[in-house]
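Hi everyone, thanks for coming. I'd like to walk you through a structure that's new to most of us, so have a look at it first.

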Amino acid sequence: MPASDKGNVPLLEARDISASYGQVQALKPTSLHIAEGELVTILGPNGAGKTTLMRALTRLTASKGNLFFRGEDITGLSTHRLARRGIIMVQEGRGLFPQMSVRENLVIGAFLHSAETDAQMTSVFELFPRLKERLDQLAGSLSGGEQQMLAIGRALMAKPQLLMLDEPSLGLAPRVAFEILGTLRELNRRGIGILLVEQKAPLALKLAQRVYVIALGKIVAELKTDEIKSHHDLARYYLH
Ligand code: ATP
């Protein structure tokens with residue numbers, strides 16, 4: 001690839017990605033991309049297929065279609081191999097091990113880079129000092145906000161280049177949700193690409209540079225965040 005074209009190669013590109021549950025096609029063939037250093041949000045009503053899209057992109061759900069990472073075809077890779085490339089998802093509901101300590105949950109997150117566990121932990125504590133104070137506490141005994149910090153912290157232990165988050169503010173008080181989403185801006189500043197599904201649309205739209213709107217298993221709009229104001233229907237639905 002000519003060096004001059006390199007800047008145009010997306011971090012992740014999905015072409016005609018689709019997924020079904022039995023006979024039901026929850027995600028119709030869908031194409032999208034996330035540029036280097038971009039924070040993109042996916043909006044859509046309940047049941048639109050947002051989670052399915054994220055799971056299809058990380059192959060947590062069996063899916064068809066092609067995936068490219070920095071221009072390289074990664075279509076055939078499993079979730080585990082995608083994680084090795086730095087494509088990491090924080091699932092809705094957080095997926096922590098509640099009977100294990102904060103430290104143990106973080107160490108598990110570093111399984112791909114175990115030699116760097118201590119250094120990674122230090123950088124997670126810079127972002128979430130509260131996790132350091134609670135290192136020996138069981139994950140299941142943390143508050144909702146702390147659990148979400150731990151889920152993101154655990155994902156960071158895997159050194160993501162693209163972090164996907166499925167409704168990280170779910171069930172959190174507004175102040176805590178604001179704090180958690182603020183850390184995503186900081187991670188994005190550090191160069192991590194972010195794909196965010198978020199029910200708190202006005203907040204997500206403050207962070208994101210670009211938005212995809214999904215309905216009935218299909219992307220129905222793609223726009224820069226500031227363009228949403230001039231789309232009367234979308235603005236009415238998502239900005240209040
Ligand atoms: P929400 O905002 O409510 O979380 P969503 O936009 O993330 O919704 P999905 O969870 O991706 O939507 O669901 C898309 C469709 O697929 C829905 O109709 C849902 O009922 C269906 N679906 C999701 N998971 C399964 C499953 N494991 N088996 C069967 N159908 C499923």
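Okay, one bit of vocabulary before we start: two strands pair if DSSP finds at least two bridges between them, and strands (E, at least two residues) and helices (H or I, at least four) are DSSP runs numbered from the N terminus. This is a predicted model, where local features need pLDDT of at least 70, side-chain atom pairs count only at pLDDT 80 or more, and totals for chains, interfaces and linings use all residues. Residues are numbered from 1 along each chain as its sequence is written, and side-chain values use heavy atoms, with hydrogens and water left out.

So, which residue in S9 is the bridge partner of Ile-42? That's Tyr-212. Strands S3 (residues 39-43) and S9 (residues 210-215) run parallel, paired over four bridges.

Zooming out, those two belong to an open, mixed sheet of six strands, ordered S6-S7-S8-S3-S9-S10. S6 (87-90) and S10 (218-224) are at the edges with a single partner strand each, so one side of each has no neighbour in the sheet.

Now the ligand. The residues around it (a heavy atom within 4 Å) include Tyr-21, Pro-45, Gly-47 and Glu-167. Helix H2 (residues 50-57) gives the largest share of that shell, three residues.

What about polar contacts, meaning pairs of N or O atoms within 3.5 Å? Polar side-chain atoms reach ligand oxygens at 2.5 Å from Thr-52, 2.8 Å from Lys-50 and 3.3 Å from Asn-46.

Conventions: Polar contact = N/O pair within 3.5 Å; in protein donor to acceptor, adjacent residues only side chain to side chain.
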